Amino acid sequence: MKHGDATAAGAMERISVVVPVFNAADRVSRAVASAVMLEGVKEVILVEDGSNDSSWQVCEEIKKRYSSVRLFRHPGGLNRGAGASRNLGVSRSTGDFVAFLDADDRYLPDRFEQDLQILVDDPSIDGVYSAIRNEYESEKLRELWLSQRRPEFLTLSQPVPPEELILVLFGLHPTVFGGFCTD
């Protein structure tokens with residue numbers, strides 16, 4: 001299917017959500033639950049990244065609970081890092097669109113609505129990014145985060161052409177500021 005041949009609703013049935021999992025036994029269930037509930041998520045791909053906790057066992061239980069969850073490991077059960085885990089997940093994905101979700105994060109119920117419409121309306125677009133907002137487990141953690149001069153919302157100050165994005169990410173763009181997260 002080409003992007004231009006889809007409607008937003010039809011495209012939503014083809015999203016692969018890739019979740020790298022490292023020592024997240026106590027958090028990954030919430031992340032997966034937030035993704036499988038979304039209309040149109042075709043599959044959630046968990047890539048267990050050589051955790052030292054019970055993440056593998058938790059992921060196996062999640063896979064039994066949801067038919068749309070697929071579970072993978074790196075050869076030898078090695079820890080390869082989030083980037084390699086995302087790459088493995090993408091290589092095993094079957095959706096037309098790929099989204100990332102960290103095991104300690106969660107999606108909001110309308111996560112893909114605007115992004116998918118952009119992709120469907122303009123097939124020349126290779127990817128989209130959205131603003132994210134941090135949610136803190138305590139006020140103390142919120143204060144610590146903000147005291148380190150980190151933003152409460154992560155986004156770009158305005159749209160930027162793809163060829164200028166690298167300048168923004170390195171803080172070198174003359175008019176656009178900010179950044180985005182892989183998930």
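Biologist: In which helix does Ser 85 lie?

Modeller: This is a predicted model, in which local features need pLDDT of at least 70, side-chain atom pairs count only at pLDDT 80 or more, and totals for chains, interfaces and linings use all residues. Residues are numbered from 1 along each chain as its sequence is written, and side-chain values use heavy atoms, with hydrogens and water left out. Helices are DSSP runs of H or I with at least four residues and strands are DSSP runs of E with at least two, both numbered from the N terminus. Residues 82-92 make up the helix in which Ser 85 lies, and that helix is H4.

Biologist: Does Ser 85 count as buried or exposed?

Modeller: Buried means under 20% relative accessible area, exposed means over 50%, and partly exposed lies in between, with a 1.4 Å probe and protein chains only. Leaving aside neighbours within four places in sequence, Ser 85 is in contact (heavy atoms within 4.5 Å) with Val 18, Pro 20, Val 47, Asp 49 and His 74. Its relative accessibility is 0%, so Ser 85 counts as buried.

Biologist: In what order do the four strands stand in the open sheet?

Modeller: Two strands are said to pair if DSSP finds at least two bridges between them, and the pairing in this sheet is parallel. The edges are S3 and S4 (97-100), each of which pairs on one side only, while the twist from one strand to the next averages 25 degrees. Read across the sheet, the order is S3-S2-S1-S4.

Biologist: What angle does the direction of H4 make with that of S1?

Modeller: Axes are lines fitted to C-alpha atoms, for helices over the stretch in contact, and angles run from 0 to 180 degrees between N-to-C directions. H4 packs on the sheet and touches S1, S2, S3 and S4. The angle between the directions of H4 and S1 is about 150 degrees.

Biologist: How many bridges join S1 to S2?

Modeller: S1 (residues 15-21) and S2 run parallel, and Val 17 stands opposite Val 44 in S2. Another partnership links Val 21 to Glu 48 in S2. The bridges joining S1 to S2 number seven.

Biologist: Which residue of S3 is the bridge partner of Glu 48?

Modeller: S2 (residues 41-48) and S3 (residues 69-73) pair in the parallel sense over five bridges. One of the partnerships is between Val 44 and Val 69. For Glu 48, the bridge partner in S3 is Arg 73.

Biologist: How many of the eight residues of S2 are buried?

Modeller: S2 takes part in two right-handed β-α-β units, one with S1 and helix H2 (residues 28-36) and one with helix H3 (residues 55-65) and S3. Right-handed means that, with the strands pointing away from the viewer, the path from the first strand over the helix to the second runs clockwise. S2 is largely enclosed by the rest of the structure, because the buried residues among its eight number seven.

Biologist: What is the C-alpha separation of Leu 71 and Cys 59?

Modeller: Leu 71 is found in S3 and, at 13% relative accessibility, counts as buried. Not counting residues up to four places away in sequence, Leu 71 touches Leu 46, Glu 48, Trp 56, Cys 59, Glu 60 and Lys 63. Leu 71 and Cys 59 are 12 residues apart along the chain, and their C-alpha atoms are separated by 7.1 Å.

Biologist: Which exposed residues does H5 carry on the face turned away from its buried side?

Modeller: In H5 (residues 113-121), the buried residues are Asp 115, Leu 116, Leu 119 and Val 120. They lie on the same side of H5, because they cover an arc (taken from the directions from the helix axis to the C-beta atoms) of only 130 degrees around the axis. The face turned away from that buried side carries Glu 113, Gln 114 and Asp 121.

Biologist: Over which residues is the pLDDT below 50?

Modeller: The pLDDT is the predictor's confidence in each residue, from 0 to 100; the chain averages 87, and 92% of the residues score at least 70. Where pLDDT is low, the predicted coordinates should not be read in detail. The stretch below 50, which has 13 contacts in the model beyond near neighbours in sequence, is residues 1-6.
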